[in-house]
Every structure is written in C-alpha cells, then in structure tokens.
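Q: Please take a close look at one helix-helix contact in this model. I would like the geometry, the residues involved and some context from the rest of the chain.

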Amino acid sequence: MPTVHLLDYVAGNVRSLVNAINQVGYEVEWVRSPQDLKNAEKLILPGVGHFGHCLSQLSEGGYLDPVREHIKSGKPFMGICVGLQALFEGSEENPAVPGLGMIPMRMKRFSADTKSVPHIGWNSAIKTNVEPSQGESFNGLSANSKYYYVHSYAAIYEPGVLERDGWSVATATYGEEEFIGAIARGNVFATQFHPEKSGQAGLRTIRAFLDGGGLLKSTEAPAPKRENDGLTRRIIACLDVRTNDDGDLVVTKGDQYDVREKSGAEAGGNVRNLGKPVEMAQKYYNQGADEVTFLNITSFRNCPLADTPMLEILRRASETVFVPLTIGGGIKDTVDTDGTHIPALDVATMYFKSGADKVSVGSDSVIAAEEFYEAGEVLSGTTAIETISKAYGNQAVVVSVDPKRVYVDSPEDTHHHTIQTQYPNEAGQKFCWYQCTIKGGRETRDIDVWQLTRAVEKMGAGEILLNCIDKDGSNSGFDLELINDVKAAIKIPVIASSGAGKPEHFAEVFASTTTDAALGAGMFHRGEYTVAQVKDYLGENGFLVRRPDTGV
C-alpha cells in the first residue's frame, strides 16, 4: 500500500488515526526524528490537548523548521485539531509559545457566556463564499455532513481575510461565534475537527487528501447554505462491561447497579449477558451513535494492568468504529499485580494508546473533591483529573457522577445545596439535595453534586457524565431537575444519563434542559429501540441530529 508519514509528539489517541489511514488504503510510517522528514512525501501532524504543549514538544524535538521546509517544498501536509492551530501565529491558550506563523491570526478561547466550553460534538464544515448549489468543495468536505470537534480554542472567522490570501475556508458556528473548521491552500490542508473520529464523512476527507485532494465538484445533492449548520444533539451508547461467571467479557445492565438475573433460564444469580462489547459497539456505530462509552465494572484484580481485557476491547473497537470512544473504570493510581505503583496518568496513557479518546474518572474524583475542600479549595496538582488533563487536555477527561436524592423538610436542615422539587417523597418533603456516591453507588459520601462538579471543573475535567441512581434502570426518563441544577453550577458540557426508556425521553431532556448530550444503554441493548430510531424521532420533532454518511 502507499504510505503517509505521521508525526506523533506523544499526546492523545493516534491509534484511531492510524486505523483510519489504513481503512482508506494507506500505510503509516512514523517520523522518529527530524531527519525522517526529508524522506516524507505526505505528512500528517495530529494534535490533541494543549497548544503550548504541542508546539513546545515539536520545538524541543527539533521538528519546527523541518515541518516548515516540508510545507515550503510543496509536499502534501495535513494538520488535525492542534495540528491546524499550529499553522497560526499563536493562541490565547499559551501566549508565550509561537506557532508556525503561516496564518497571521491567533486562536481565541470560545466565549462561555451562553454555551459550554469545551465545544464537544458534531458540527459543520461549510465552505465560505461559495453557494452549495454550485456543488463546490475541497478535500471531500460536504455541507451535508457533520464532523466531530473537541476544542476550547478556535480561529474565529473574519469574512474574506484568508480567502484574499488564497485560502479555501470551511466554517462552523457555535452559539454566536463562527470559526474555522477546515482550511486549505496548495499543498496544505488542515481541520479543526477530527476526521478519524467523524465516521464515513471523516474517512472521506482523509482519503481525498491522500489521493490528491484539491477543489472538487460534489456529485451529491447540495444542502441549503448554513440551514443545518451548528452543533447537533449527541446520542451516546453506553456499554457496561464485566466478566461473567465463566470468565467471558460481556455487556450487561441492571437495576440500581444489580446486574444478576432474577428470573428465566439464567436465574440463580448469573450475570446478565446482553452481548459482546466489540460487536455491540460496531452495531451502535452503524446505527449512527455519536459516541460509544465502555464502563469497566470488573476490577480485574488478578490481571496485570498491561493485559487488562479492556485494552484489547479498545484496540479491536477502534479498528472499525470511527467515532469517539470513552473508557471508564479503574482510572486511578493503582498497584499492579507485581507490586509496582502505577500513577493514574500512566493508566490513562495505556487506554489512549489502545484507542480511547477520553477516560472517565468515577469514585476517585469524589475523594479528590473532598481533599480539595479540606485543603481550602487549593488544587494539589497530583489528582488523576489534574495530571491527565494537563498531559492530554481537559477534553480528554470525563468525570462520572453517581448522585442520589436525600429529602429534607427545608433547606435549613442541611448545609448542602438543595432544590425544591416537583416530586415530593411519600413523607411530603419538597426539598432535596443530591448526595454523591462511590463504588458504583454502594457507598455515600458527605458531598453534594454542586460541590463535586464545581471542584472537578477547577481540576481540569472537560465533561460531566451525570448519572442518577434514583433513575437507573427505571425507563422513566431522565432526572430533569438534577440536570438543570448541575448545568446551572458549571460551564463544561454535561451528558445526561440514567432513565432513558424510549425516544420521547431524549426529546424531553433536550427540550427541558440545556444538556449537551444524552446517553442510552438498556433500551438499546435489549433491542427495544435503535439509536437510529431515537435520531429519527428527534429529527421529526425539530432537533438537529447527525445522520451517518454511507460510503467513503
């Protein structure tokens, strides 16, 4: 197969990019030293995380001038995410670190006044100053497609400025801000979105670049200009993975975290088996899931960390599932079977190298938040959230929160943040607070959901996976009061979880809250509804959703 050179500065998930390149018919050769760039014909610079970290790593490694020479020579160059940002003069993320300076603009942080930051999800990349009716595109981009973005800093679009310098520009809008989603000129093509995580639409852009790219005439039906622009409603499929009594990894689901059968042929305490993790992830990807989350609910205590079965699940899933993959469970400082202490950052790195795009921190985040408040709201710099987000960016860290309601007669009866609920308990109490738990909900702690989410936001978490023990397995809909309460406390995105039983529940949570995404599990696993049916229902009711592309 033909080859492309990949420059990895050791940050983030590059396995999925390699898999995507292989999928479109190319082999990867790694750039191990600046001298290797002399032999590179096609070069890709991926980037995940912090602008300053990326550019500093490239500078310290002696790569900046060879990259500039590669571009000046006319050889094909593609930048992805921070790889696009590197082409600019600099970024507010680290003003002291210069970029390559090819584009006379600086990256700016999104305004968080009216929207969540980071910007996470599926958005557009629509070519500027050309009407879609003309069918003109570049490098396989389509006004009809959606692409996966995850970033806090962007190049805010200034109409006509870059076009006058010969750049082709595609933009997206997030709230009131229009920003550059992709840019191309001559031998250079760069995307703010992650094509390797953008399904078939993303694979199409990678293939177009590698095959020659350039300005193309689209054969598809044109989309009305910007009518479908903007961030879609994300639907996430979640798979609880554990070993069953025979030692096989299975996807399971239960009520109130109890995953053993109570009746039927499997009664007698057997672990509920709903399918194989990789096969189910592929199924949900084909149905149009925007992300897939694996939650490891087995500790694998007798297994060396490097041989953890979840690593193999990620490796296999990332070969064919080209949407973001999140892994949760066991992301903490740990001791290996041989007694070696392994920091949480090293645990996370293993998962990233195996194909994960995000890691989800659970019980460890509650302990870290308690210590944060005990220290007078001073960050230690040593927690799992802080160390991982510093290395990989806050968009790579999800915090999974498991709260449950505690009812009180009045707010004065507790020092915790309370709400007045529309759903009093049997005793008629109209106020409650949300108590956080650890160990899968089995142990409660004296910390509320406001305290926890605000603490982990300060530590560097990029997203909250908001579960609800009271709703888990109920199929009665999401806890809308909990979601609105948490959204009022923080600026980072929130994923609504627990309670989904039918498509109407997804429409309800998007209509009644400002949640950024919604997650389903049991209703998908049992075959009651598909992801596609949920999206069809949302689309029919006026919500913007991503439709999966077909073909590369």
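A: The helix contact comes first, followed by a sheet and the confidence of the model.

This is a predicted model. The contact is between helix H1, residues 15-23, and helix H5, residues 199-211. Their axes come within 9 Å and cross at roughly 65 degrees. Angles of 65 to 115 degrees count as roughly perpendicular, so H1 is roughly perpendicular to H5. The crossing of H1 past H5 is right-handed.

On the H1 side, the residues that meet H5 are Leu-17, Ala-20, Ile-21 and Gln-23. H5 contributes Leu-203, Ile-206, Arg-207 and Leu-210. By type, the residues of this contact divide into 6 nonpolar, 1 polar and 1 charged.

Elsewhere in the chain there is an open sheet of 3 strands, in the order S5-S6-S11 and with mixed pairing. Strands S5 (88-91) and S11 (153-154) stand at the edges with a single partner strand each, so one side of each has no neighbour in the sheet. S5 pairs with strand S6, residues 103-109, in the parallel sense over 3 bridges. In one of the bridges, Phe-88 has Ile-103 in S6 as its partner.

As for confidence, the average pLDDT of the chain is 90, and 90% of the residues score at least 70. Over residues 218-224, pLDDT stays under 50. For that stretch the model has 11 contacts beyond four places in sequence. Where pLDDT is low, predicted coordinates should not be read in detail.

Technical notes. Residues numbered from 1 in each chain as written. Predicted model: local features only at pLDDT ≥ 70, side-chain atom pairs only at ≥ 80, totals over all residues. Heavy atoms only, no water. Axes fitted to C-alpha atoms, helices over the stretch in contact; angles between N-to-C directions. Helix = DSSP H or I, 4+ residues; strand = E, 2+ residues; numbered from the N terminus. Parallel < 35°, antiparallel > 145°, perpendicular 65-115°, else oblique. Left-handed = near helix turned anticlockwise from the far one by under 90°. Contact = heavy atoms within 4.5 Å. Nonpolar A, V, L, I, M, F, W, Y, C, P; charged D, E, K, R; others polar. pLDDT = per-residue confidence, 0-100. Pairing = 2+ DSSP bridges.
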